Amino acid sequence: MIAPHIALATMVLYLLLLFGIALYAYRQRQAGRSIVSNPYVYALSICLYATAWAFYGSVGKAASTGLSFLPIYLGPSLIMLLGWPLIRKMIRISKEYRLTTISDFISFRYGRSYAIGALVTIASLITITPYVALQLIAITDSLNIISGEYYPIGSMRLVVTILLGVFAIVFGARYLDPLERHEGLIAAVAFGSVVKLVAFLAAGIYIAYGIFGGYGVIVDEIATSPDYSHLLQPDYVSWFSLTLISLFAILFLPRQFHVMVVENSDENHLKKAMWLVPLYMLLINLFVPAVAWAGLLLDTPGSADMFMVSIPVDQGNDLLALLVFIGGVSAAAAMVLVSAVAVGTMMLNDLEMSHIIRRIGKGRDLPSLLLTMRWLNILLVLALGYLYSLLVEYHSLVDIGLISFLAVSQIAPAALGGMYWKKGSRHGAIAGLVSGFLIWGYTALIPSLVWSGLISERLLTEGLLGIGFLRPTSLFGLHLDMWTHAAFWSIFVNCLFYVLFSLIYRPSQEEMALSESVVDIYEARPELALSERRMIRVGTVDELETTLARYIGEEKAKREVDSNLAELGTTRERIDAKQLMILREVLEKRLTGTVGTSATRIIVEEEISVKPVVEVVRGTKAMYTLNPSRIYVIPEKAYEVFTDQITHGIEGLCIASSDPDEIRSRWQFTETPIIRLSHDRGRGEMYIAPTNLPLLFITIKSFVEKSTNSIILLDNLDDLIEENVSVVPPSEVLDFVYALESLARENRTRFVLKVRPEYVHEKLPLEINEVRQLIFLLGPLSCYLFKDFADAMIASLDESCRREAIRDIEVLMETDRLFEGIKCAGRSAEMSPEACDPDMGKSVVVKIEPHLSLSRWEFFMAIRSVAREIKKVDPKFDPKSVLGPLMAKYGLKLYELDLIPGTTYVIEEEKPQKSLELFSDLTRLGAVGLCISRYHPDKLIERYNFHPERVIWLTQSTAYEAKYRCVDPTNFPRLSSITSDFLTNTKEPLILLEGLGYLITQSNYESVLRFIQSQRDEISMRKAMLFIHLDPLALDTKELHRLKSEMEPLEL
Amino acid sequence: MTVSIKDLMEQDDFWILLFVLGSFLLNWPLLSLATGESRVFGYPLILVYILVVWLIIILWVYLFERWTLD
């Protein structure tokens, strides 16, 4: 027996040694000479898995049930075979999305769900508590064995708990940012793995070869003993279930996830760990049977769990006993330290952070507060473990550990399903987790509490409410060993509910996007969605930095932003839209690493998200009817219409530069959110700087996507555009406007724009005017679009052609030959200040006056003119290939480059499919058209969404409905009159004539030809466009030729 | 067309197969083949069997690491 003070002093010295190693590793890291970033340390840190349970508990289990302790270590060895496909994927996902705990890992996958994160955290805290208690029990009991019960157990455990708590805080929670790998902690853990292995092997060799004549002697005696020979016969059912749950445990225990995934510095280290870890497991278990059975044969007093230390003490080998004791302390301490840090971080990120952000965050010193919370959490984890160790008696060390393992196994279906099954949804994960934990609690936790005397034994013997079928250890009459029974029911029900609820409740859009990015983590990420690339930069980098600074401090946030800007190769002033999106993503991930996924979601949502609400519905009928997916310009009564809609069940969002209180009191709405466009930060109101178009767009988009039926009022879009074009490249304003238009078209929302009538280049005859193609409608946007297109064409030329092309174009502009009918104050290259600009010679100098605008056709005419000039300089120039991407970006069609006003086109095809699609496209994009067709209007309206008033049905039937306009195919004067009226009263009109064959058969070829010729002349004079569908097989060659000579062919 | 062992080892499916194989070898019913009175070098067959399968797993992964590093 060792003197109590020596034993205690040795333990304290050993912990100080660990302190010293951790400090050394930390300092080396600071000096850039990491001693931890190597595969051996990585593998040894994973061997943290072998805790005091392995040191003592396995021996106890081997003494009672023989080889049945082995599956706990076979499971991890087997799972290492899946290290490369499975664990590497976990590492890749975690690194990519900065996930620093198992709860973040799972909650992120299921749409950054706060509920799942909280559930996993609470479950982890519950399951880790007995495990921590087990370690503390092991340390103090082994101390008492070697020093003879000198110290009160409670006090000793308290001392150990405090020491470990300080260590965990100093080396595991020094900084708020958990992304910094804790090299000190890992170095201590790896060192501890070596110490416990050496201690175990030393004790094993001593017992097997020092006391007995060899390993074989012990095994022989056991095999031939009638009392102990059964120890060589494993129970296969429990063998399988223990293998399974230990397999899950090494993946999903918070401490294992931390060392294996979070602390990994290089995926290739995994390759070494894949064989080193199983080798370690083999070595540390090699002498377990020998020690356990030797204890039985020697009739060593005390619990079999403690044979490892009690045999050397009993044999008088105090030095070995001390070494074994230190090995046990090493095994226990590492587990407690890493678990406390990991679970403490989980508690902060997934339980406390959202409340902190919502209630305390604004204006307080958040970084310090969050750091303090982390320390308190670590101490809480240790305190709970300590209390548990005092209050609850244990059946055996192994049983305490198995309860934890089984609980952690409940995470497996959601975690593994989330990594490989895209259909796994949040509802499924929650259902699986809740049901699994409930079954675990009933079948595993309750029996252990019964054994501890905390719950009546009646529940075990008679079942819940006296129903025998509901006995916790034999549910529905299934008789298995307790662990297999609990494992079977909990994992079965968990998986069942996970799959079932995932199939019933489909993932949301956000979940689908996240599931694809997780499941397909190795695939190249696609380009940002077109609509999300249209952002501008002004003010946003600063705002991102400010948000980040609230959680990690100003200096760190600035360093983070600067380093990311350097990596992107840009600066705060020069950053473009795409780079800004990338920066935002990177910083969002950074925030995730600091505060967890669900908290990041809250921060991001609270910063930019507006939730749809419905005002109190008025009893009267709505006065106005606005259709979804439309944009309306309402110069005078915008607020009146808006209020009418939101008080009749439509969710609204108002964006204005006026005082929100004034708006509310004037228009009598209380719930509808109002965002104020202002550079000044107000109190208690939502505001966005008018120059922060990306944030404005994201806010509107987020609102629209959350709502099923909404209306948005955007007051003073004209002022917004004018303020921004003076600050940012106009192309970015164009992007914003087009993105808004696309958003309106693609969602069930109504956009109401309040703009000055003179800013709109169209007559607004009504109170409520439905509009399209905002770029061609509002202010000088179309001219900015022209400049973009012209610059793109110029940029595609080589240096020698470029200057000449620019000169020619500017001559065109000066002589008013470019924009037909519109005065443009172009300046010559010699006179313009840009002549001195070093970038001169790369773009066209166009002076854009606010009143200038181009209609869609004028725009294309101008583009064609520029293309013609360029072709004179560079005959190989192809405008379609140069402008294709730009046209797609703004929803323009390539064939529009070929459409010349005043032209009659023929489209040859058997059925008029392409003709009707062309007409539908052009009218959808804003052109006003008239369709003269043989098809019934219902069919055209349904299939192509034509407006009923824009369809003329060619029919001789008299039984037609009054709502459609019909014309007899022989009545050419009537037909001519209709087209003439239409051409006279419409700006940039286009006509589609389909049914030429029908006209010919009902009248005669010559009449039709004369009709076409007359229409052609009128089209030419009115600068309209006429498209005629022609089935070439319906006419003979001569007739076809005569008709085609009147028209231009159009290839689609 | 056959692939080399090195290429085989680089495939995720191969490791899944090995995992399944290892799980079968170290569980019932195959494990029950090693129980009984038989001895190998004086040790019960079951101990030797588990040790050998375990070592094979370690060796196989060790070779994977060596070959892929090469």
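**Figure 1. Chain B, element by element.** Following chain B of this predicted model from its N terminus, you meet its elements in the order α-α-β-β-α. That makes three helices and two strands. Of the 70 residues in chain B, 34% are buried. Among the contacts in chain B with a separation of 6 or more, 51% join residues 24 or more positions apart. Chain B exposes about 4300 Å², and carbon and sulfur atoms supply 70% of that area.

**Figure 2. Where chain B meets chain A.** Here 31 residues from chain B face 33 residues from chain A. The size of an interface is often given as the accessible area lost when the parts come together. For chain B and chain A, the buried area is about 3100 Å², with 78% of it on carbon and sulfur atoms. Look for B:Phe19, B:Trp54 and B:Ile58: they supply 22% of the area that chain B buries against chain A, more than any other three residues.

**Figure 3. Polar links across the interface.** Two salt bridges are counted between chain B and chain A. In one that you can pick out here, A:Asp220 pairs with B:Arg39, and their closest N and O atoms are 2.6 Å apart. Six residue pairs are in polar contact between the chains, both partners being at pLDDT 80 or more. On the side of chain B that touches chain A, helix H2 (12-25), strand S2 (43-44) and helix H3 (45-69) each supply at least two residues. The largest share, 13 residues, comes from H3(B).

**Figure 4. Two salt bridges between distant parts of the chain A sequence.** Over all chains, the structure holds 29 salt bridges. In one of them, the side chains of A:Glu267 and A:Arg92 meet at 2.6 Å, N to O. A:Glu267 sits in the loop between helix H12 (254-262) and helix H13 (269-286), and A:Arg92 in helix H5 (residues 83-97), so the pair ties together parts that are 175 residues apart in sequence. A:Glu267 is buried, with a relative accessible area of 17%, while A:Arg92 is partly exposed at 27%. In another, A:Lys637 bridges to A:Glu767, with 2.7 Å between the closest N and O atoms. This pair ties together parts that are 130 residues apart in sequence, because A:Lys637 lies in the loop between strand S1 (630-633) and helix H29 (638-646) and A:Glu767 in the loop between strand S6 (749-754) and strand S7 (769-771). Both partners are partly exposed, A:Lys637 at 29% and A:Glu767 at 43%.

**Figure 5. A salt bridge within a helix, and a network.** A:Arg745 and A:Glu741 form a salt bridge, their closest N and O atoms being 3.4 Å apart. The two residues are four apart in helix H33 (residues 730-746) of chain A, so about one helical turn separates them. A:Arg745 is partly exposed at 30% relative accessibility, whereas A:Glu741 is buried at 5%. Also shown are A:Asp718, A:Asp719, A:Glu722, A:Arg756 and A:Glu758, joined into one network by salt bridges that share partners.

**Figure 6. A buried asparagine and a nonpolar surface patch.** A:Asn377 belongs to helix H17 (residues 366-391) of chain A and counts as buried because its relative accessibility, 3%, is under 20%. Beyond its neighbours within four places in sequence, A:Asn377 contacts A:Gly344, A:Met347, A:Leu348 and A:Glu352. On the surface, A:Leu464, A:Leu465, A:Ile467, A:Phe469 and A:Phe476 make up a nonpolar patch, together offering about 550 Å² of accessible area. A:Phe476 lies in the loop between helix H21 (458-462) and helix H22 (482-504) of chain A and is partly exposed, at 48% relative accessibility.

Definitions and conventions
Residues numbered from 1 in each chain as written. Chains lettered and ligands numbered in written order. Heavy atoms only, no water. Patch = residues over 30% accessible without salt bridge, like charges linked within 9 Å, V, L, I, M, F, W, Y side chains within 5 Å. Areas by Shrake-Rupley, 256 points an atom, 1.4 Å probe, with all protein chains shown as cover. Salt bridge = Lys/Arg side-chain N within 4 Å of Asp/Glu carboxyl O. Buried < 20%, exposed > 50% of the residue type's maximum accessible area, 1.4 Å probe, protein only. Contact = heavy atoms within 4.5 Å. Buried area = accessible area lost by both parts, 1.4 Å probe. Polar contact = N/O pair within 3.5 Å; in protein donor to acceptor, adjacent residues only side chain to side chain.
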